[in-house]
Amino acid sequence: MNRRTFTKTLAVSIAATGLGGVPAIARKPAPQFSITMDDFHWTNAVKLTATERNEAILNTLHSNSHKAALFVIGRNIDSIDGKQLLAPWDKAGHMIGNHSYSHRNFNAPATDVAAYQQDILKAEALLKEFSRFQKYFRFPLLKEGDTEAKRDAMRSFFAQHGYRNGHVTIDLSDWAIDQRLTARLKKDPNADVKPYRDFYLEHMWARAEYYDSLAQRVLNRLVRHTVLVHFNLLNGLFLGDVLAMFKAKGWQLIDAEEAFTDPVFAAKPKVVPAGESIVWSLAKEKGTIAKSLRYPAEDAQYENARMDKLGL
Ligand SMILES: [Zn+2]
């Protein structure tokens, strides 16, 4: 090895070990995040079969040494096939949470609160067969009550049944992008999927930065984030890219169970309508920031115009 090659090799190895980077003391603490995945809809398979999608997502989590949380709609595992698809999540040690049996919108004015609570217990009866099930409830559509009475009835119900709210901190509309992607592939199975990936990553990062800075404004500290994504083709194809992006931006991936130890998840903001991201709810409760918040906090309506323009 001549001197020039040696110097170059040394420089490369210093860069690889991080010794040549910014001194640790000057670095800002890394935001921490975890993946929390909702619904477990698996009968809508396009491009990948349900089993292929399941394996793709599980392999991504495994190769990132990540234990996620999966919030399951009871109806989706009320069959032999559904249970078989959920079993590897349990075996791999991912946390399994309750997302109700029927996935109803609790803010619908005609909601019967007692029936809604029974629907949660109906899902629990199916989920408790799985050893990694824990009593965390995630409200479908993140709708926690359009009146104080409904909101507080659920809080009492959770206290009585030993449930915690499986809050989201970073909310986004991956489902809306997935709808466009799925529709495109149904029409043209060979369509280029990269523009959907690019839009997804851009949208994900925009929402992550928004909720992270909102959390710091409201709480004056970093929170351990729970990112909301769905069990869909989009994540079957691109969840690995999402994780790689966060890591490249300096964020640290932590297990969902660890994220849920953050005290922010025990907060019970007294706002109506209740729900959305817990960060959004706390910001709403804090009057000074409330005016800058949109409602709903996230929805396809905010993304559709750009997706139209991009031809997605
Ligand atoms: Zn859902």
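1. L141 is a good place to begin, and its position is in the loop that runs between strand 4 (133–137) and strand 5 (143–145). In this predicted model, L141 has a positive phi of about 60°, although it is not a glycine. The residue is partly exposed, with a relative accessible area of 46%, a value that falls between the limits of 20% for buried and 50% for exposed.

2. K47 deserves a look alongside it, since phi of K47 is near 65°, again a positive value in a residue other than glycine. K47 belongs to the loop between strand 1 (32–39) and helix 2 (50–63), and it is partly exposed, its relative accessible area being 47%. As background for a reader new to such angles, most residues other than glycine have a negative phi, and most peptide bonds are trans.

3. Which peptide bonds are cis? One of them leads from V272 to P273, with omega near -5°, and P273 is found in the loop that connects helix 9 (256–259) with strand 9 (274–275). Another cis peptide bond leads from Y295 to P296, also with omega near -5°, and here P296 sits in the loop between helix 11 (287–290) and helix 12 (304–309).

4. Which residues supply the protein donors of the zinc ion? They are D39, through OD, together with H99 and H103, each through NE2, and these donors lie 2.0 to 2.1 Å from the ion. Along the chain, the donors follow the spacing D-x59-H-x3-H. Are the two histidines buried or partly exposed? H99 is buried, with a relative accessible area of 1%, which is under the limit of 20%, whereas H103 is partly exposed, with a relative accessible area of 21%.

5. The packing of helix 7 (residues 194–219) against helix 10 (residues 278–285) can be described by an angle of about 40° and by a distance of 9 Å between their axes. The two helices are therefore oblique to each other, because an angle under 35 degrees would be needed to count as roughly parallel, and one of 65 to 115 degrees as roughly perpendicular. Helix 7 passes helix 10 in a left-handed crossing.

6. Which residues bring these helices into contact? From helix 7 come Y211, L214, A215, V218 and L219, and they meet V279, W280, L282 and A283 of helix 10. Sorted by class, the contact of helix 7 with helix 10 has 9 nonpolar residues, with no polar and no charged ones.

Technical notes
Residues numbered from 1 in each chain as written. Predicted model: local features only at pLDDT ≥ 70, side-chain atom pairs only at ≥ 80, totals over all residues. Heavy atoms only, no water. Axes fitted to C-alpha atoms, helices over the stretch in contact; angles between N-to-C directions. Helix = DSSP H or I, 4+ residues; strand = E, 2+ residues; numbered from the N terminus. Parallel < 35°, antiparallel > 145°, perpendicular 65-115°, else oblique. Left-handed = near helix turned anticlockwise from the far one by under 90°. Contact = heavy atoms within 4.5 Å. Nonpolar A, V, L, I, M, F, W, Y, C, P; charged D, E, K, R; others polar. Donors = N, O, S within 2.8 Å, 3.2 Å for Na, K, Ca; no water. Buried < 20%, exposed > 50% of the residue type's maximum accessible area, 1.4 Å probe, protein only.
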